[in-house]
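Here is a short report on one protein model. Read it with the sequence and the 3D view side by side.

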Amino acid sequence: MSEAEAVARAASPRTRESLAADLHRLGLNEGMTVIVHSSLSSLGWVCGGPVAVVQALLDVVTAVGTLVMPTHSGDYSDPARWQAPPVPADWWPVIRETMPAFDPRVTPTRRMGQIVEVFRTWPGVIRSEHPALSFAAWGRCAAQIVADHSLDDALGERSPLARIYDLDGWVLLLGVGYDRNTSFHLAEYRAPGARRIEPGAPVVEAGRRVWKTYRDIDVDTGPFVEVGTAFERAGHVSTARVGSAEARFFPQRVAVDVATRWLTMRRDESSDEPVVDALAGT
């Protein structure tokens, strides 16, 4: 959406204060640990743009809470797996040899949105060191969440997602759908039957830039909308407008547990129980 379209569709400008009030009404409060997935354009015309959105989020959770965002850089990966767009095979060796090593201080995100890019460089924000699937955090538990992010199984048990789970944190979908809910990936690791892959990325090891191959699973967002819809129908999700955006707010631990059960049943070929019906009363 262009800025002119946002102005034309807005009943009033969204501000730091109005967005904070909307977030409070949704259920976000001081002291919470929350991971945010967002779309700036969905909020309407925001006075101050992504800066005002980040300010509003920090105003609500305060320094006694913790704000987390995924800061993924999907281009820091093996070019043999690139699809959007793919590159010629004869480029692959050059890319693997010359791509700069991931640096959490300067490596930009890719296709994560303006709010995330502003948050990534915000004073006091720290970022995990996974080259493709990093997270950034601010607040009381920020260091605990981003520390020791494993290169292998990047969204599994040694990831910021698992630390948010341990802290009984929350998920805020701000104008985006369940397909953007990164926390469901943790369930993919916990459900049996995931396919193993060996990605690669440029990292610093022993002070030198190296191309590093690591072990992971082939994650798939395909089922996320269906499992999210079943989860919402079971009554676990608060919904409200934040600015012009449809926002969803829910406990991450419950969402991961439900998704783990859903994916386990979905991958179990011997199960004849409809997975959506099975979770409707969870």
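## Salt bridges

The structure holds 15 salt bridges. The model is predicted. Side chains of opposite charge can pair when their charged atoms come close. The table gives three of these pairs.

| Acidic partner | Basic partner | Closest N to O distance |
|---|---|---|
| Asp 218 | Arg 81 | 3.6 Å |
| Asp 218 | Arg 195 | 2.5 Å |
| Glu 246 | Arg 248 | 3.3 Å |

Start with Asp 218 and Arg 81, whose side chains meet in a salt bridge. Asp 218 sits in the loop between strand S9 (216-217) and helix H9 (224-233), and Arg 81 sits in the loop between strand S2 (66-70) and helix H4 (92-98), so this pair ties together parts that are 137 residues apart in sequence.

Now take the pair of Asp 218 and Arg 195, with closest N and O atoms 2.5 Å apart. Arg 195 belongs to the loop between H8 and strand S6 (196-197), while Asp 218 is in the loop between S9 and H9, so the pair links parts 23 residues apart in sequence.

Arg 81, Arg 195 and Asp 218 are therefore worth viewing as a group: salt bridges link them in a network. How open are two of its members? Asp 218 is partly exposed, with a relative accessible area of 29%. Arg 81 also counts as partly exposed, at 42% relative accessibility.

The pair of Glu 246 and Arg 248 has its closest N and O atoms 3.3 Å apart. Glu 246 counts as partly exposed, at 42% relative accessibility. Arg 248 is buried, with a relative accessible area of 15%.

## A buried charge without a salt bridge

Look next at Glu 188. This residue is in helix H8 (residues 183-190). Glu 188 is buried, yet it has no salt bridge. Why is Arg 267 not counted as a salt-bridge partner of Glu 188? Arg 267 has the nearest side chain of opposite charge, and it is 4.1 Å away. A salt bridge needs the nitrogen and the oxygen within 4 Å, so this pair does not count.

What does the side chain of Glu 188 reach at 2.9 Å? The partner is the backbone nitrogen of Asp 220.

The surroundings of Glu 188 can be listed too. Leaving aside neighbours within four places in sequence, Glu 188 is in contact with Ala 194, Ile 217, Asp 218, Val 219, Asp 220, Phe 224, Leu 263 and Arg 267. Asp 218 appears in that list, and Asp 218 is also part of the salt-bridge network with Arg 81 and Arg 195.

## A buried asparagine

Asn 181 lies in the loop between strand S5 (170-174) and H8. Is Asn 181 buried or exposed? Asn 181 is buried, and its relative accessible area is 0%. Neighbours within four places in sequence are again left aside here. Asn 181 is then in contact with His 37, Val 171, Leu 173, Phe 224 and Phe 250. Phe 224 is among the contacts of Asn 181, and Phe 224 is also among the contacts of Glu 188.

## Backbone details

Ala 84 and Pro 85 are joined by a cis peptide bond, with omega at about 0°. Pro 85 lies in the loop between S2 and H4. Arg 81 is in the loop between S2 and H4 as well.

Two aspartates have a positive phi. Phi of Asp 148 is near 55°, a positive value in a residue other than glycine. Phi of Asp 153 is near 45°, again positive in a residue other than glycine.

Where do these aspartates lie? Asp 148 is in the loop between helix H6 (142-146) and helix H7 (160-166). Asp 153 is found in the loop between H6 and H7 too. Asp 148 is exposed, with a relative accessible area of 66%. Asp 153 counts as partly exposed, at 23% relative accessibility.

## The whole protein

Now step back to the full chain. The protein has eleven helices and eleven strands. Its radius of gyration is 19 Å, close to the 19 Å that the globule rule gives for 282 residues, so the protein is as compact as a globular protein of that length. Along its principal axes, the C-alpha trace spans about 50 × 50 × 35 Å.

How much of the protein is buried? Buried residues make up 50% of the 282 residues. The protein exposes about 13000 Å², and carbon and sulfur atoms supply 51% of this area.

Contacts can also be sorted by separation in sequence. Take the contacts between residues at least 6 apart in sequence: 69% of them join residues at least 24 apart.

Conventions:
Residues are numbered from 1 along each chain as its sequence is written. This is a predicted model: local features need pLDDT of at least 70, side-chain atom pairs count only at pLDDT 80 or more; totals for chains, interfaces and linings use all residues. Side-chain values use heavy atoms; hydrogens and water are left out. Helices (H or I, at least four residues) and strands (E, at least two) are DSSP runs, numbered from the N terminus. Buried means under 20% relative accessible area, exposed over 50%, partly exposed in between (1.4 Å probe, protein chains only). Lys and Arg count as positive and Asp and Glu as negative; His and the chain ends are not counted. A polar contact is a pair of N or O atoms within 3.5 Å; within protein, one must be able to donate a hydrogen and the other to accept it, and residues adjacent in sequence count only if both atoms are side-chain atoms. Contact means heavy atoms within 4.5 Å. The radius of gyration is taken over C-alpha atoms; the globule rule is 2.2 Å times the number of residues to the power 0.38. Accessible areas come from the Shrake-Rupley method with a 1.4 Å probe; for residues, only the protein chains shown count as cover.
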